[in-house]
Number of protein chains: 2
Amino acid sequence: MPNNQFRRGELYSVINGMASTAVARRLQKNFRNAGLEITIEQWSVLYHLWKEDCLSQQELCNRTFRDKPSITRLIDNLEKQKLVKRMPSKSDRRINLVCLTDAAKELQDLTIDLANQTMNEALIGVNKDDIETVKQVFQKVYDNLT
Amino acid sequence: MPNNQFRRGELYSVINGMASTAVARRLQKNFRNAGLEITIEQWSVLYHLWKEDCLSQQELCNRTFRDKPSITRLIDNLEKQKLVKRMPSKSDRRINLVCLTDAAKELQDLTIDLANQTMNEALIGVNKDDIETVKQVFQKVYDNLT
DNA sequence: TGAAATTAGTTGCATAACTAACTATATGCC
DNA sequence: GGCATATAGTTAGTTATGCAACTAATTTCA
């Protein structure tokens, strides 16, 4: 199990996503403790659908930074759990629109609360300017590489 | 495929490790282009062994922030590729010491160069103080959650 | 109009992650 | 000494990721 032997100055740890996986693990645990059976990856898809329902799979790829096979399988699993439904687009028969079910709509408030709580726990003692800096660095890194 | 539609101010994207996975993907690609068949996960294990050879699996868990089954399988795969060898510890028969082979030692310089190059590409236009801030925030988040 | 190229999505294969349950060895303590 | 507990590592099952190759529908353009 991970412990606290991380040493400051270890840039390669950034590659391994140390902090973000710690957040992800905690959020997953908080979902489980609340009796929710969704994974954080599934939740991240739902999150974008709550903001805008019935997106194409390609649009979900763009918004969640995943490739197409990943989205295909996440949607497969979400469909099995009856949280989303694939609807063929009327204007372009190549496209599946992914739409929320009522069951998924009911998860929105609770899970977003849990996510906010988790982020608050994670960010105790971190000041707002530094959070802004992290976001800007992430954006820059992402832009540099894509 | 991920594109550049990320919007600033989207904290949940941090959860998904957007930037660190972009770095990981790029490093993986750079390995492949150099004809190296190792994954970045395998490389992260080798990286710690280059700093200190013949660590126990538990110690590799601690240093790479992975759980025990993950390390078991990474070592399985590294052993298949003849890059490490499990050696039973003489003082404690529960322990496997994971030691580098000569083949692995030869990978050190090239792969660390590739990693440095990748980090440099990723960090173009990011100033040193901001990198320090990111590392400190990561450390704080990690400490908060563990 | 019709062939070539592009776009949306799926499938197969390999690697890796997490959880839970397991074996084997070592340690603590009465 | 011997039982309870802790530690090191493995195995099984599910989910997720990355890549390459694939099908089907749409667009481009000669």
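## A facing pair in the chain A sheet

A:Arg86 stands opposite A:Val98, a residue of β3(A). The model is predicted.

The strands around this pair are β2(A) and β3(A), the latter covering residues 96-100. Five bridges join them. They run antiparallel.

## Sheet order and edges

The sheet of chain A has three strands and is open. Its order is β1-β3-β2, with antiparallel pairing. Strands β1 (55-56) and β2 (84-88) of chain A each have a single partner strand, so they stand at the edges and one side of each has no neighbour in the sheet.

Strands of a sheet pair through backbone hydrogen bonds, in either a parallel or an antiparallel way.

## Helices across the sheet

Two helices of chain A lie across strands of the sheet. Helix α3, residues 40-51, lies across β1, β2 and β3. Its direction is at about 90° to β3(A).

Helix α5 of chain A, residues 68-80, lies across β2 and β3. It runs at about 115° to β2(A).

## A helix pair in chain B

In chain B, helix α4 (residues 57-64) packs against helix α5 (residues 68-80). The angle is about 110°, and the axes are 9 Å apart. Angles of 65 to 115 degrees count as roughly perpendicular, and α4(B) and α5(B) are therefore roughly perpendicular to each other.

From α4(B), the contact uses B:Gln57, B:Gln58, B:Leu60, B:Cys61 and B:Thr64. From α5(B) come B:Lys68, B:Ile71, B:Thr72 and B:Ile75. By class, the contact of α4(B) with α5(B) holds four nonpolar residues, four polar residues and one charged residue.

Terms used:
Residues are numbered from 1 along each chain as its sequence is written. Chains are lettered from A and ligands numbered from 1 in the order in which they are written. This is a predicted model: local features need pLDDT of at least 70, side-chain atom pairs count only at pLDDT 80 or more; totals for chains, interfaces and linings use all residues. Side-chain values use heavy atoms; hydrogens and water are left out. Two strands pair if DSSP finds at least two bridges between them. Helices (H or I, at least four residues) and strands (E, at least two) are DSSP runs, numbered from the N terminus. Contact means heavy atoms within 4.5 Å. Axes are lines fitted to C-alpha atoms, for helices over the stretch in contact, and angles run from 0 to 180 degrees between N-to-C directions. Angles under 35 degrees count as roughly parallel, over 145 as roughly antiparallel, 65 to 115 as roughly perpendicular and the rest as oblique. Ala, Val, Leu, Ile, Met, Phe, Trp, Tyr, Cys and Pro count as nonpolar, Asp, Glu, Lys and Arg as charged, and the others, Gly among them, as polar.
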